Amino acid sequence: MCVKPENSHLSRIQEAPDPPLNRRCSSGFQVYVQTFGCQMNEYDSRRVIVSLASRGACLTNRLHRADVIFLNTCCVREKAEQKAFSFLGRLRHLKMRNPAVKIIVAGCLAQQMGDLLLTRFEHVDLVVGTQGFSTVGRLLDELRHSPVKIAHLPESDPEWDIPCPPSGGTPECPVSASVTIMQGCDNFCTYCIVPYVRGREKSRPSRLILEEIQGLVDSGTREVVLLGQNVNSYGRGLDEQTDFAQLLRRIHAIPGLLRIRFTTSHPKDLTDALIRSLAQLPKLAKHLHLPFQAGSDKVLERMGRGYTAGEYLEKIQNLREACPDIALSADVMVGFPGETDEDFQATLRLMETVRFDTLFSFRYSDRPGTKSSQFPGKVDEDVKAKRLRELQAVQELITLEKQRAEQGKVREVLVEGPSKAASNGQMSGRTMQNRIVNFQGSAGLRGKTVHVRIVSAFSHSLRGELLPSQ
Ligand code: SAH
Ligand code: SF4
Ligand code: F3S
């Protein structure tokens, strides 16, 4: 089943129609799914939905209708954690009105807090850690028969790598589907909680990845997004001798698959082989997400990132030489402990040198158990806010200039479906460089690649004119 939880905003969702699965479903219980955090969490939620659907569950986008509320959480930054807390707070009332509703909290925050979550939010029924996604269905069965509160945080999930079925409920598979190729992280950047809550890095056997992608393609998927905290180290620790560049080549050979994207790459592990693949494999999207985090060598060293700003810039130069049309995005943070104004200026300089197409920028926050939470030199929240505003203003201009530079160009667009913003027959898709393009076109173009001339540019999307097919 390819069900993607569509509910990212509580208030909006309460008004939204139910997903197709619900309309086709006349019996069973109703599940409301809310996913916070990264794409890997979205993927894990999809696996849980599949397992619940096999037990008769229907998805609902209306909270008050739900028999089960499944919350998949993130704790990578304080703000992410606050989002989950505030959502949970709002559920208290709902549980009072309907004590039969079962509330499940899973994912990274669940792993971090364990049964503390049950104490702090007494209306939560089940807490499931990051190695417990495959057990949610079974635990829910138990819970529905004997209403005890459980915090389940197993050490490993023996079923984590089993291919997720491509169909089994919804009529349509997404044109673009995510596939997790590895879990966890061994990098232990000093600020990051991911290795603690997601565990040590492990790669999924290539056979299982290929099997899953083949299933998706057979069901109509045309693009896969390969996910991992550090995809460039794919293959380490597997019995088979393989690496990321080799995996890409094997996926590339799947007939019917039109595009491949991946995220995230760590600059220290970006190899020449991968740079060559970006230049040589035509199905590989011409876009790389390469977080740099900071522009000051002193800060990078204290973050434990394993590269200098100069080394990062050199990789970017090599990439652009090999693949001139490549779009670049990155993550960066401000206010790491000890970050001075001068360090911050180095971050701005790096951004202005690279001129990223898109940049995700964050305010540093202490995460429990990480090394940097013990570092001296904590930066004032006001200073962090000011630096973030300044950085975002600089980037906004660059992003807009980059978007405007697309005007007049003809781009190949993979059509994902009707445009979200427009109800007037506009279709939406992405260029190889990962830019969203809306254009007038028929619904039959879904899943196809078309050529579009870009006519206008906005910060987050482009408008185009469909060209006749050659
Ligand atoms: N594996 C990816 C990123 C995972 S987390 C990588 O290595 O790049 C996503 C982003 O959250 C990070 O790139 C970083 O910019 C940000 N982040 C992680 N921990 C943070 C913290 N304690 N405070 C603020 N931002 C943080
Ligand atoms: Fe966190 Fe660093 Fe691993 Fe990314 S590479 S998940 S930032 S520890
Ligand atoms: Fe968040 Fe966990 Fe992903 S902490 S970023 S949901 S791996």
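In this predicted model, the shell around ligand 3 is made up, by class, of five nonpolar, three polar and one charged residues. The residues in question are Cys38, Asn41, Thr73, Cys74, Cys75, Val76, Cys108, Arg198 and Gln229. Ligand 2, for its part, is surrounded by Cys185, Asn187, Phe188, Cys189, Tyr191, Cys192, Val194, Pro195, Gln229, His266 and Arg305, and this shell divides into seven nonpolar, three polar and one charged residues. Gln229 is thus listed around ligand 2 and also around ligand 3.

Phe188, one of the residues around ligand 2, has a backbone phi angle near 50°, which is a positive value in a residue other than glycine. Phe188 is placed in the loop that runs between strand S8 (182-183) and helix H8 (194-198). A further backbone feature is found at the peptide bond from Thr263 to Thr264, which is cis, with omega near 10°. Thr264 belongs to the loop between strand S11 (259-263) and helix H11 (272-280).

The surroundings of ligand 1 comprise 15 residues, of which Arg77, Gln229, Gln293, Asp331 and Ser365 come nearest. Sorted by class, the shell around ligand 1 contains six nonpolar, four polar and five charged residues. With regard to domains, at least three residues of this shell are drawn from each of domain 2 (173-285) and domain 3 (297-405). Nitrogen atoms of ligand 1 are approached by both side-chain and backbone atoms of the protein: a polar side-chain atom of Gln229 lies 2.7 Å from a nitrogen atom of the ligand, a backbone N or O atom of Tyr191 lies 3.1 Å from a nitrogen atom of ligand 1, and for a backbone N or O atom of Ser365 the corresponding distance to a nitrogen atom of ligand 1 is 2.8 Å. Taken alone, ligand 1 exposes 540 Å², and 91% of that is buried by the protein. Two or more residues of the shell around ligand 1 are given by strand S13 (327-334) and by strand S14 (358-363).

Empty space within the protein was examined next. A search of the whole structure finds two cavities of 30 Å³ or more, and the largest cavity holds about 100 Å³ of space. This cavity is lined by 13 residues, among which Asp44, Arg47, Asp157, Trp160 and Gln183 are the closest to its centre. Helix H3 (residues 39-53) supplies three residues, the largest share of the lining of the largest cavity. The lining of the largest cavity as a whole divides into three nonpolar, five polar and five charged residues. Because domain 1 (10-152) and domain 2 (173-285) both give residues to the lining of the largest cavity, this cavity lies between them.

Among the pockets, the second largest has a volume of about 210 Å³. The second largest pocket is lined by Arg47, Val48, Val50, Ser51, Arg55, Phe133, Ser134, Glu159, Ile162, Pro163, Cys164 and Pro165, and its lining comprises seven nonpolar, two polar and three charged residues. Arg47 therefore appears in two settings, because Arg47 is one of the residues lining the second largest pocket and is also among those closest to the centre of the largest cavity.

Terms used. Residues numbered from 1 in each chain as written. Chains lettered and ligands numbered in written order. Predicted model: local features only at pLDDT ≥ 70, side-chain atom pairs only at ≥ 80, totals over all residues. Heavy atoms only, no water. Near = heavy atom within 4 Å. Polar contact = N/O pair within 3.5 Å; in protein donor to acceptor, adjacent residues only side chain to side chain. Areas by Shrake-Rupley, 256 points an atom, 1.4 Å probe, with all protein chains shown as cover. Helix = DSSP H or I, 4+ residues; strand = E, 2+ residues; numbered from the N terminus. Nonpolar A, V, L, I, M, F, W, Y, C, P; charged D, E, K, R; others polar. Domains from an automatic or database assignment. 1 Å grid on protein atoms, 1.4 Å probe; cavity = no way out; pocket = protein on both sides within 12 Å on 5 of 7 lines; lining within 4 Å. Points joined across faces, edges and corners; volume = space filled by probe spheres on them.
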